[in-house]
Amino acid sequence: MNDYRRPRDTRRIGARILDTAEGVLVALRRCRVDQAFVELMHTAKRHGVNPVSLADALVAIAEAQPGKDLDDAAMAVALSTWGRLFGHNAHDRAGVEDLDELPATDG
């Protein structure tokens with residue numbers, strides 16, 4: 001029996017994904033955790049995507065294992081925002097809609 005399981009509570013899962021995504025940004029950008037959190041939140045708000053979905057997409061890119069259960073819009077935003085940090089071109093994404101079609105709110 002494996003004692004190391006992911007938490008089942010969706011709030012805890014969301015918090016874990018956000019923490020992991022913050023860690024990815026801290027490592028890539030060499031920034032503070034609070035700066036990484038703000039970057040995630042501002043990016044999600046600017047593009048009108050769920051912050052946890054965006055964090056999940058960023059973690060999937062970092063793991064080089066995009067899954068079918070990821071939000072396409074969040075993945076497109078994550079790739080366009082941080083993909084170059086992983087060596088990805090924003091246009092090299094199979095099955096993800098065009099970024100021009102994503103809402104971008106200034107605020």
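Helix α2 turns six kinds of position inward: Ala36, Glu39, Leu40, Thr43, Ala44 and His47 are its buried residues, where buried means under 20% relative accessible area, exposed over 50%, and partly exposed in between, with a 1.4 Å probe and protein chains only.The buried residues of helix α2 are Ala36, Glu39, Leu40, Thr43, Ala44 and His47, with buried meaning under 20% relative accessible area, exposed over 50% and partly exposed in between (1.4 Å probe, protein chains only). These residues sit on the same side of α2, because they cover an arc of only 125° around the axis, the arc being that of the directions from the helix axis to the C-beta atoms. The model is a predicted one, so local features need pLDDT of at least 70 and side-chain atom pairs count only at pLDDT 80 or more, while totals for chains, interfaces and linings use all residues. Residues are numbered from 1 along each chain as its sequence is written, and side-chain values use heavy atoms, with hydrogens and water left out.

As for its neighbours, the buried residues of α2 pack against α1, α3 and α4, contact here meaning heavy atoms within 4.5 Å. The helix has 15 residues and reaches 21 Å from its first C-alpha to its last, close to the 21 Å expected at 1.5 Å a residue; the expected span is 1.5 Å times one less than the number of residues. Just past the end of α2, Gly48 takes a positive phi of about 65°.

Two residues of α2 show what this packing looks like up close. Leu40, in helix α2, is buried, with a relative accessible area of 0%. Not counting residues up to four places away in sequence, Leu40 touches Leu18, Ala21, Glu22, Leu25, Leu54, Ala55, Leu58 and Trp82. Val52 is 12 residues away from Leu40 along the chain, and their C-alpha atoms are separated by 9.0 Å. Glu39 is also placed in helix α2 and, at 19% relative accessibility, counts as buried. With residues up to four places away in sequence left out, Glu39 touches Leu25, Arg29 and Trp82.

Over in α4 there is Thr81, which counts as buried at 15% relative accessibility. Once its neighbours within four places in sequence are set aside, Thr81 is in contact with Arg29 and Thr43.

Helix α1 gets a similar look. The 20 residues of α1 (residues 10-29) should span 28 Å at 1.5 Å a residue, and the end C-alpha atoms are indeed 28 Å apart. Its buried residues are Gly14, Ile17, Leu18, Ala21, Glu22, Val24 and Leu25. They cover an arc of only 155° around the axis, which puts them on the same side of α1. In general, an α-helix has 3.6 residues a turn, so residues three or four places apart point the same way. The partners of the buried α1 residues are α2 (33-47), α3 (51-63) and α4 (72-82).

The loop between α1 and α2 holds Arg30, which is exposed at 72% relative accessibility. Its phi is near 55°, a positive value in a residue other than glycine. For context, most residues other than glycine have a negative phi.

Zooming out, the protein has 4 helices and 0 strands, and reads α-α-α-α along the sequence; helices (H or I, at least four residues) and strands (E, at least two) are DSSP runs, numbered from the N terminus. The largest nonpolar core has 25 residues, of which Leu54, Leu58, Met75 and Trp82 touch the most other members. The elements that give two or more residues to this core are α1, α2, α3 and α4. A nonpolar core, to be explicit, is a set of buried Ala, Val, Leu, Ile, Met, Phe, Trp, Tyr and Cys residues joined through side-chain atoms within 4.5 Å.

Of the 107 residues of the protein, 35% count as buried. Among contacts between residues at least 6 apart in sequence, 49% join residues at least 24 apart. The accessible surface comes to about 7,100 Å², with 49% of it belonging to carbon and sulfur atoms; areas come from the Shrake-Rupley method with a 1.4 Å probe, and for residues only the protein chains shown count as cover.

On confidence, the protein averages a pLDDT of 81, and 74% of the residues score at least 70, pLDDT being the predictor's confidence in each residue, from 0 to 100. Over residues 90-103 the pLDDT is below 50, and this stretch has 22 contacts in the model beyond near neighbours in sequence.
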